[in-house]
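Please open the model in your viewer and keep the selection panel at hand. The tour goes from aromatic side chains to a sheet, one selection at a time.

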Amino acid sequence: MSVLRNLESKLAGLVEGTFSRAFKSEVRPVEIARKLAKEMEDHKVQSLSRVYAPNEYAVWLSTEDRKQFEGYEDELAQELAGYLLEHARREKIALMTSPKISFRTDERLRLGEFGIQARLVKPSGREHEPPSQGDEGHTQVYSASARLSEPLREPHPQRGQARLHVDGAGTHTVSSRGAVMGRSRDCDVVLDDPNVSRRHAEVRPSGGSWIVNDLGSTNGIKVNGRRVTGPQSIRDGDVIELGTSRVSFELE
């Protein structure tokens with residue numbers, strides 16, 4: 001039995017046996033497990049002799065999804081942490097401590113959406129190791145919309161279009177699929193700025209509005225001069241700062 005399938009079996013027993021009720025949340029534990037492993041892989045840090053990965057993960061849920069975890073949240077966190085520990089061993093990834101999972105609520109997330117913040121935290125008394133991340137990390141948002149009974153509704157392709165105006169570098173039209181901003185030539189909006197990461201942030205529709213989300217950049221993002229670490233709702237006229245670049249968000 002694969003590790004992921006074994007985890008799925010354990011979680012089924014946890015929900016149906018311990019608490020005698022069906023798991024109704026639109027965000028399912030196995031989906032969270034898969035994305036936690038992805039975040040571990042995406043945020044690996046190479047030291048002189050080892051490859052380290054984050055050891056603390058905050059899972060952000062919508063208010064509706066979070067309610068479905070009441071009564072077994074601690075047990076679920078322990079199972080997910082065990083899965084990450086096994087994944088790290090299998091991939092020969094070093095961890096400062098055993099993985100720690102915590103659940104939090106973000107009212108900006110819709111049913112079926114969840115975010116993950118990954119942090120590499122060094123325990124006290126350990127020298128000559130990679131430094132801890134100095135903030136809450138950056139949130140990557142995922143969606144379970146493919147199987148929702150009421151799919152996440154995106155703005156109409158025409159009504160939902162927006163523009164990103166880069167100071168001194170022109171204007172880019174953004175469709176309802178959203179756009180990635182960064183230094184890489186593969187990005188939808190290419191920023192010629194050494195302080196911008198290759199894939200720095202994305203702007204995309206979420207429900208009836210738009211959000212900007214950091215994609216694990218080095219220098220983070222600001223909206224209207226305020227640093228943000230998770231998915232942030234944006235409105236017409238808001239200014240997004242990436243490195244030394246300023247991008248104005250405009251609705252058509």
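Select Phe-69 and Tyr-72 to begin, in what is a predicted model; both of these residues are buried. With their side chains shown, the ring centres of Phe-69 and Tyr-72 lie 6.2 Å apart and the planes meet at 40°, so the pair counts as tilted, the class for angles that are neither under 30 degrees nor over 60. Add Phe-103 to the selection, and you have one aromatic cluster made up of Phe-69, Tyr-72 and Phe-103. The model has 3 aromatic pairs by the rule applied here.

Move next to Trp-210 and Phe-249, an aromatic pair that is likewise described as tilted, with 5.8 Å from centre to centre and 55° between the planes. Trp-210 belongs to strand β12 (residues 209-214) and Phe-249 to strand β17 (residues 245-251), so that this pair, its members 39 residues apart, links distant parts of the chain. Trp-210 and Phe-249 are both buried.

From Phe-249, stay on strand β17 and bring up the open sheet of 6 strands to which β17 belongs, where the order is β8-β7-β17-β16-β13-β14 and the pairing is antiparallel. At its edges are β8 (170-174) and β14 (226-228), each of which pairs on one side only. On average, and with direction ignored, neighbouring strands in this sheet are turned by 30° against each other.

For a last stop, select strand β13 (residues 221-223) together with strand β16 (residues 239-242), which pair in the antiparallel sense over 3 bridges. Here Lys-222 has Glu-241, in β16, as its bridge partner.

Terms used
Residues numbered from 1 in each chain as written. Predicted model: local features only at pLDDT ≥ 70, side-chain atom pairs only at ≥ 80, totals over all residues. Heavy atoms only, no water. Phe/Tyr/Trp six-rings, centres within 6.5 Å; stacked < 30°, edge-to-face > 60°. Buried < 20%, exposed > 50% of the residue type's maximum accessible area, 1.4 Å probe, protein only. Helix = DSSP H or I, 4+ residues; strand = E, 2+ residues; numbered from the N terminus. Pairing = 2+ DSSP bridges. Axes fitted to C-alpha atoms, helices over the stretch in contact; angles between N-to-C directions.
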